[in-house]
Amino acid sequence: LHMGKTMKEDLTVVVKYMKQLYPPEFNVFSTYAELYHNYFASQAKKSAESHLEDKDIYLLLSWVHNIYPKDMRKDHVLAEELEKVKLGSLLPSSLCKELERKYLDSEEATIKNSLSKCLDKEIQRWKEDKEPEKLNGHFQSELLAIFVIQSIYSGQKRAKDISSSVGEELSHRLSKELPAFLKSYKDAFEDFKEKSKKHRYYKPILIANINNCWNFRDYAEKNMAEKDDNKASILSTLGDIENSGFDVLLQQLFVHLKPIYKKFTENKWDSSNEIMNEIINTTSKHISDFRTLKDPFYHAIVEKIHARLIKEYIVRLLKRKVSLKTPAQQQNLAQHISKNAADLEAFCISNGSQATWLNSALPKLAEIIRLQDLGAIKIEVATLATTYPDIRKRHLEAFLYIKANLSRGELKSILGYLADSTASMPPGAPLFSNINVS
């Protein structure tokens, strides 16, 4: 710093006051500049060849790439004169590359180490079994994501401040650090999930970890190129953590719902409104626990519930437990299904589900039961298959068991129509593909 300040001040004096006292052919400014530069470069070389701490390497590289060429040599008073003098770099290229390698190795190791320590601290917090902090009503442990992202970002910025090429090299080296960290985080999360079920704050800690994924997801979406393989890896790992957490949170609800759904076929759908009310009340009690999830995750879990409620209803319709011979009986069942569908839709939407693609499944099935004209049934089957292209013959055949007044020929005709209409359909959001027909 002293040499730099002295060189800058002295050369300014030469430009402003001394240069005009000498004949032009003396090139007095060039003589001064070269002497100062050579001394400065010899001192920099001596420093570079001695044992330096990491912060000293960073400072020396900053002088070579930034402070000397930009702050000093581009100074508004000196720039024009220095342009005429070819001074070169403060350090030989080979020595500079060696310093850069040392700096990059050290920075990479430091960041890896700090990420590892950060994860260890986070795991320790889970083991303490304390309720996670809340921010805006959501459980969170945001320091983890903030620290990890900040460590990587700060490292990249420091390197870029030396030079764009050093910045690019460190970014390249660190590109796999976030995916690797998240894989370790996922492994630790799975371990906690399996071994800590009896913890008092088991579910709040799961929710906090799901919420943690949002900052990582947001960072990857905003800062990484669409075609970057690391981005795909990050989003995939985050999806695994989120879904793994959702599965545990929903487990108890789905266990409670299973025997309630069985009542539909046990009661021949006669008390379906009461059963649907029981399903809605049971689900409602569980959903209140999920309000501590961040909004995107709350909507995601409610949509999973919505899909499961519709799927389980369809499963009961495909059980071949009810076979109705008269149009009046079929009309009656269709009305029950339509009422249940409306109640289910109202409940899910009021609780924040945005999975509107699910809402037409049950009404369309009810309409197929209600209709008696073969042509009209085929049209309704075709619209059902267009909306839900993963429906297959086995699903429809099991469902049409309800319509006992269809002849074998009519049944075959309807099933054949489904095969034609779905042959070239691209797969949409899965509904029927998750349903096995026994």
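## Exercises on salt bridges, a core and an interface

Arg308 and Glu312 are four residues apart in helix H12 (residues 295–317), so about one helical turn separates them. Helices here are DSSP runs of H or I with at least four residues, numbered from the N terminus.

The model is predicted, so that local features need pLDDT of at least 70 and side-chain atom pairs count only at pLDDT 80 or more, while totals for chains, interfaces and linings use all residues. Residues are numbered from 1 along each chain as its sequence is written, and side-chain values use heavy atoms, with hydrogens and water left out.

**Exercise 1.** Describe the salt bridge that Arg308 forms with Glu312, and state how accessible Arg308 and Glu312 are.

*Solution.* Begin with the rule, by which a salt bridge is a side-chain nitrogen of Lys or Arg within 4 Å of a carboxyl oxygen of Asp or Glu. Arg308 and Glu312 satisfy it, since their closest N and O atoms are 3.0 Å apart. Next, apply the accessibility classes (buried under 20% relative accessible area, exposed over 50%, partly exposed in between, with a 1.4 Å probe and protein chains only). Arg308, at 28%, counts as partly exposed, whereas Glu312, at 17%, counts as buried.

**Exercise 2.** Which residues are joined into one network by salt bridges that share partners?

*Solution.* The members are Glu98, Arg101, Asp105, Glu108, Lys112, Glu169, Arg173 and Glu177. Within this group, take first the side chains of Arg101 and Glu98, which meet at 2.8 Å, N to O. These two are three residues apart in helix H5 (residues 93–127), so they are separated by about one helical turn. Arg101 is partly exposed at 39%, and Glu98 is partly exposed at 33%. Then turn to Glu177, which is placed in helix H8 (residues 177–195) and counts as buried because its relative accessibility is 12%. Leaving out residues up to four places away in sequence, Glu177 touches Lys112 and Leu115, where contact means heavy atoms within 4.5 Å.

**Exercise 3.** Where in the chain do the partners Lys263 and Glu278 lie?

*Solution.* The side chains of Lys263 and Glu278 form a salt bridge of 2.9 Å, N to O. This pair links distant parts of the chain, with Lys263 in helix H10 and Glu278 in helix H11 (residues 272–287), 15 residues apart. Lys263 is partly exposed at 27%, and Glu278 is partly exposed at 30%.

**Exercise 4.** Which residues touch the most other members of the largest nonpolar core?

*Solution.* A nonpolar core is a set of buried Ala, Val, Leu, Ile, Met, Phe, Trp, Tyr and Cys residues joined through side-chain atoms within 4.5 Å. The largest one has 133 residues, among which Phe216, Ile314 and Phe399 touch the most other members. Helix H10 (residues 229–266) gives the most to this core, namely 13 residues. Apart from neighbours within four places in sequence, Phe399 is in contact with Leu317, Leu318, Leu365, Ile368 and Ile369.

**Exercise 5.** Describe the interface of domain 1 and domain 2.

*Solution.* An automatic or database domain assignment supplies the bounds, and domain 1 covers 1–91 while domain 2 covers 101–242. Buried area, the accessible area (1.4 Å probe) that two parts lose on being put together, is summed over both. Here it is about 670 Å², with carbon and sulfur atoms giving 61%. In domain 1, Ile57, Tyr58 and His65 lose the most area to domain 2, together 59% of what that side buries. Finally, the rule finds zero salt bridges across this interface.
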